[in-house]
Amino acid sequence: MGPPAGGHSAFAVRGSFSKDRSVKEHQLAPGTFRRILGFARPYRRQLAAFLVLVLADAAVGASVPLVYRAIIDKGIVEGRTQYVVALAVLLGGLALVATAISLTQRWFSARIGEGLIYDLRTQVFDHVQRMPIGFFSRAQTGALVTRLNGDVQGAQQAFTSVLSNVVGNLAVVVMTLGAMFILSWQLTLLALALLPLFLLPARWVGRKLADLTRLRYQLNGEMGQMMTERFNVSGALVVKLFGRPEDESATFGDRAAKVRDTGVTQALYGMFFMSSLALLAGLATALVYGLGGVFTIRGELAIGTLVALTAYLNRLYGPLTALSNVQVDVMTTLVSFERVLEVLDLEPTIVDADDPVPIPAGPVAVTFDDVSFRYPTAAEVSLASLEGVAVLDNTEGGEVLHGIDLDVQPGHTLALVGPSGAGKSTIAGLVSRLYDPTGGAVRVGGVDLRDTTLAAVSATVGVVSQDVHLFHEPLAVNLRYAKPDATDAELEAALREAQVWDVVERLPDGLATVVGDRGHRLSGGEKQRIAIARLLLKDPGVVVLDEATAHLDAASEEKVQAALQRVLEGRTSIVIAHRLSTIRDADEIAVIAGGEVVERGTHEQLVAADGLYAELNRTQFAGASPGFAEDVDVDVDPEALGALTLIVEGADQPT
């Protein structure tokens with residue numbers, strides 16, 4: 001039957017006026033409204049029923065003051081007891097009907113709203129999952145999460161909160177004003193004359209509320225970003241190592257204080273807004289009772305009519321004020337929808353072939369045929385709003401690979417060496433199809449990777465990189481990411497082959513142990529061996545090792561190398577390494593420099609050729625370059641070595 005002004009409706013109106021009014025100037029992309037309706041199509045019957053209930057609720061609410069009028073004028077004044085009782089029963093019935101309508105309306109609203117949130121959220125998540133790695137290297141994670149949470153929820157309000165408010169408020173205003181004009185057009189016009197006295201200051205307060213709301217979102221975002229950075233393991237380690245917890249607490253306290261002060265100011269403005277709305281209704285009621293009372297005494301207005309007019313006033317100002325700001329409400333939800341559609345419209349650059357060719361099973365050849373490559377521009381893979389910039393850079397970078405010709409026979413090992421930045425990891429990324437070449441072709445098992453599916457590439461190619469990422473999940477869950485149906489026995493077998501089962505046995509809950517953020521409960525060497533076990537479970541035909549032992553101490557490297565020997569057996573392998581001692585036995589070594597293959601051959605052939613490889617080999621033995629450090633036998637005091645290991649591996653949690 002509709003809440004009175006100053007109640008729940010006042011909060012709704014306040015929320016409407018606190019929104020960013022500049023959104024009215026936003027130009028929606030062509031076709032946005034049509035696409036929004038497309039999302040509503042599966043819920044059209046429920047939406048129709050929902051709108052009927054909204055109108056029914058307005059009609060029931062509009063009828064109640066008329067019953068008040070009849071009780072007084074036709075019942076009490078005329079002394080008709082049975083008539084009064086009958087109308088009182090009718091009022092009780094209307095209250096029950098209104099309650100049933102409200103509950104049913106809320107059920108439809110929840111079904112439609114939550115259904116739309118589910119549809120939008122899953123579509124965005126699935127779409128983002130298909131984006132190339134270049135997208136994730138540019139987009140801010142927080143901005144993506146906001147699209148999946150805040151913008152999706154804002155978008156669904158177009159069909160629930162905003163739709164019901166617009167239709168419901170419009171129906172209430174039309175029915176209420178119609179009834180009031182019929183009862184007394186003079187008093188109705190007088191009551192409406194007071195409205196501008198409220199709307200002008202309300203718009204001023206609304207601008208203040210919008211500015212404060214925007215500021216508070218910004219301050220909360222900064223505070224949240226600080227917590228995100230300081231509460232992960234890496235951030236917490238930096239704070240502790242540099243001894244800055246007091247400074248961090250002071251900085252956080254300052255930011256939290258700004259949020260507090262903004263919240264207090266926002267609450268005061270909000271209370272002023274709601275008090276003004278209640279004051280308006282109170283003044284209008286006083287005016288109607290004053291003049292209406294005079295009319296009643298003169299016999300120009302019935303007492304029941306006066307009471308009905310006063311009841312209608314309490315239903316009028318809230319909806320009427322909300323409708324004055326309806327453009328902001330509608331545009332706010334449409335802009336949220338547009339931001340969601342913006343992500344869905346960004347097409348993935350790495351896609352499955354329309355008529356995919358299967359990759360043969362087992363160890364297969366890997367071939368680079370005159371491959372060239374440049375990294376995609378920001379405009380090709382990202383959105384300005386996800387990077388926090390006004391305009392994306394569309395300047396093409398130079399080629400990082402030029403005319404690469406490589407061929408790895410089934411079951412053989414190709415090692416890639418060369419200076420940092422030469423293009424070795426880029427070559428590895430092309431094999432696993434993180435990128436597509438801009439020229440030439442990469443073939444696995446004779447199949448151009450662009451002619452197959454991403455799932456087929458993933459099933460065939462396995463990668464172990466130098467930075468292993470483990471999810472904050474139990475160890476078994478991380479391992480089963482490679483093989484979801486793997487049994488515990490299979491997990492144990494893989495861990496034993498990866499030389500890490502003894503570590504798992506010492507964990508508090510074994511395979512059920514949660515490994516922590518990014519696997520920080522494990523040391524670097526342990527994580528590498530876990531990654532190898534995961535690769536063994538996957539059992540790919542092609543293995544890419546991208547500097548898998550680059551950051552390990554000698555003891556850990558020895559264990560990882562032993563595990564890697566098991567991985568490489570019978571598989572086609574591409575190994576990227578800075579330590580030349582680890583790849584001397586490769587079937588072929590390719591030296592990459594400046595994005596080109598400058599030398600190829602076995603270790604002995606390349607040393608004999610006295611080129612770049614031989615120079616790197618001599619440099620490592622001399623120990624002159626930290627980028628190519630060779631294993632050197634030196635006498636080190638055991639206690640000093642233990643202290644050095646503790647410093648280097650300070651980030652690792654004890655197992």
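The questions and answers below concern the nonpolar cores, one helix and a surface patch of this predicted model.

Visitor: Which helix gives the most residues to the largest nonpolar core?
Guide: The largest nonpolar core has 46 residues, and those with the most contacts inside it include Leu479, Ile530 and Ile532. The helix that gives the most to this core, with 7 residues, spans residues 524-538 and is H21.

Visitor: With which residues is Ile532 in contact, leaving aside its neighbours within four places in sequence?
Guide: Ile532 is among the residues with the most contacts inside the largest nonpolar core. Once neighbours within four places in sequence are left aside, the residues in contact with Ile532 are Val464, Ala498, Val560, Ala563, Leu564 and Val567.

Visitor: Why do the buried residues of H19 line one face of the helix?
Guide: In helix H19, which covers residues 488-497, the buried residues are Leu491, Ala494 and Leu495. Seen down the axis of H19, these buried residues line one face because they fall within an arc of 100°.

Visitor: Against which helices do the buried residues of H19 pack?
Guide: The buried residues in question are Leu491, Ala494 and Leu495. They pack against helices at 475-480 and 501-506, as well as against H21, so that by name the partners are H18, H20 and H21.

Visitor: Is Leu434 buried, exposed or partly exposed?
Guide: Leu434 lies in the loop between helix H16 and strand S4, and together with Ile133 and Phe136 it forms a nonpolar patch on the surface. Buried means under 20% relative accessible area and exposed means over 50%. Because the relative accessibility of Leu434 is 39%, this residue counts as partly exposed.

Note on methods: Residues numbered from 1 in each chain as written. Predicted model: local features only at pLDDT ≥ 70, side-chain atom pairs only at ≥ 80, totals over all residues. Heavy atoms only, no water. Core = buried A, V, L, I, M, F, W, Y, C linked by side-chain atoms within 4.5 Å. Buried < 20%, exposed > 50% of the residue type's maximum accessible area, 1.4 Å probe, protein only. Helix = DSSP H or I, 4+ residues; strand = E, 2+ residues; numbered from the N terminus. Contact = heavy atoms within 4.5 Å. Arc of directions from axis to C-beta. Patch = residues over 30% accessible without salt bridge, like charges linked within 9 Å, V, L, I, M, F, W, Y side chains within 5 Å. Areas by Shrake-Rupley, 256 points an atom, 1.4 Å probe, with all protein chains shown as cover. Salt bridge = Lys/Arg side-chain N within 4 Å of Asp/Glu carboxyl O.
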